[in-house]
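The following exercises are to be worked through with the sequence and the coordinates at hand. Each consists of a task and a solution in steps.

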Amino acid sequence: MSVCHILREDPELAEAVPGPARPRAIETCVARIQHLNSGRWTSRGAETPREGIGLLVLDGLLVRRVGVHGRYGAELLGEGDVLRPWQGEDIPAALARTTGWRVLEPTRLAVLDEAAARRLAAYPELIGRLVGRAIERSRHLAVNMAIIHQARVNVRLHMMLWHLAERWGRVRSEGVFLPLSLTHSVLSDLVAARRPTVTTALAELYRAELVRDLPRGWLLLGEAPGELLVAQEAGIADS
């Protein structure tokens, strides 16, 4: 298994360390790398730590899908997210549910096991930054929940695409480009709708010239929907 310098891979994380200490932190904070190919993924395996901090996404894209009685929701995760996919696996749930992971794009994970955690712990600011990311992930989930309560699926889709663009979008002269190749099936899980309904709703957004489907993503035109601000405020209030 190859090894990475965590703070070289994640410059935003490195910025948490005060300037004089940063060069040494960059050199000493190393971790093993786990490579994931596109397709279904299970966290069970020799390379997955059960102790330590978890897995830090260096690059790539994953979706976590959860189902309860035939209804599914999903969470999109990418660069900078910290995962502990094994956590809670052995705890009996009050509601029968299924959980699965799919790698949408080839992904690299830094394995923050006990050894890596000890290196990071020499710089408390890094632990604080990682905890902050976990809090931010919970806020994103709260916004997702607010979005799926919108009655119309085309509104949910429009809001969800803009919500994802806040993190992954790139501003262009003609609009905001969201460089995520998301199938209609993945979108249906993200907005809690059936795939045929999502296909119809996307067609409505195309006709209204609010969204364009590009080979490697989506182009969002105009302004973000006003309902998104309400959803974001609800997410902050609930976090």
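**Exercise 1. Locate M159 and determine whether it is buried or exposed.**

Step 1. M159 belongs to helix α6. The model is a predicted one.

Step 2. The relative accessible area of M159 is 0%. The cut-off for a buried residue is under 20%, so M159 is buried.

Step 3. Between the C-alpha atoms of M159 and I148 the distance is 9.3 Å, and the two residues are 11 residues apart along the chain.

**Exercise 2. Check the length of α6 against the expected span, and state how many of its residues are buried.**

Step 1. α6 has 16 residues, and at 1.5 Å a residue these should span 22 Å.

Step 2. The end C-alpha atoms of α6 lie 22 Å apart, so the expectation and the model agree.

Step 3. Of the 16 residues of α6, 14 are buried, and the helix is thus mostly covered.

**Exercise 3. Describe how α5 packs against α6, giving the angle, the distance between the axes and the residues in contact.**

Step 1. Two packed helices are described by the angle between their axes and by the distance between those axes.

Step 2. For helix α5 (residues 124-148) and helix α6 (residues 153-168) the angle is about 165° and the axes are 9 Å apart. Angles over 145 degrees count as roughly antiparallel, and therefore α5 is roughly antiparallel to α6.

Step 3. The crossing of these two helices, α5 and α6, is right-handed.

Step 4. On the α5 side the contact is made by H140, V143, N144, I147 and I148, and on the α6 side by R156, M159, M160 and H163. Classified by type, the contact of α5 with α6 comprises five nonpolar, three polar and one charged residues.

Step 5. An α-helix has 3.6 residues a turn, so residues three or four places apart point the same way.

Step 6. The buried residues of α5 are L126, L130, R133, R137, A142, V143, N144, A146 and I147. Among them, V143, N144 and I147 also take part in the contact with α6.

Step 7. From its first C-alpha to its last, α5 reaches 37 Å; it has 25 residues, and the value is close to the 36 Å expected at 1.5 Å a residue.

**Exercise 4. Describe how α6 packs against α8, and examine the surroundings of N154.**

Step 1. α6 and helix α8 (residues 195-207) have axes 8 Å apart and an angle of about 70°. The range for roughly perpendicular is 65 to 115 degrees, so α6 is roughly perpendicular to α8.

Step 2. The α6 residues V153, N154, L157 and H158 meet T197, V198, A201, L202, E204 and L205 of α8. By class, this contact of α6 with α8 holds six nonpolar, three polar and one charged residues.

Step 3. N154, a residue of helix α6, has a relative accessibility of 13% and therefore counts as buried. With neighbours within four places in sequence left aside, N154 is in contact with A201, E204 and L205.

**Exercise 5. Two residues other than glycine, A192 and E209, have a positive phi; state where each lies and how accessible each is.**

Step 1. A192 is not a glycine, yet its phi is positive, at about 55°. A192 lies in the loop between α7 (184-190) and α8. With a relative accessible area of 37%, A192 is partly exposed.

Step 2. E209 has a positive phi near 55°. E209 is found in the loop between α8 and β10 (211-214). Its relative accessible area is 60%; the cut-off for exposed is over 50%, so E209 is exposed.

**Exercise 6. Which residues does E105 touch, and what is the wider setting in the protein?**

Step 1. E105 lies in strand β7 (residues 98-112). At 23% relative accessibility, E105 counts as partly exposed.

Step 2. Not counting residues up to four places away in sequence, E105 touches S38, G60, L61, P179, S181 and R216. The C-alpha atoms of E105 and N37 are separated by 7.3 Å, although the two residues are 68 residues apart along the chain.

Step 3. The protein contains nine helices and 11 strands. Of its 239 residues, 44% count as buried. Among contacts with a separation of 6 or more, residues 24 or more positions apart account for 73%.

Definitions and conventions
Residues numbered from 1 in each chain as written. Predicted model: local features only at pLDDT ≥ 70, side-chain atom pairs only at ≥ 80, totals over all residues. Heavy atoms only, no water. Axes fitted to C-alpha atoms, helices over the stretch in contact; angles between N-to-C directions. Helix = DSSP H or I, 4+ residues; strand = E, 2+ residues; numbered from the N terminus. Parallel < 35°, antiparallel > 145°, perpendicular 65-115°, else oblique. Left-handed = near helix turned anticlockwise from the far one by under 90°. Contact = heavy atoms within 4.5 Å. Nonpolar A, V, L, I, M, F, W, Y, C, P; charged D, E, K, R; others polar. Expected span 1.5 Å × (residues − 1). Buried < 20%, exposed > 50% of the residue type's maximum accessible area, 1.4 Å probe, protein only.
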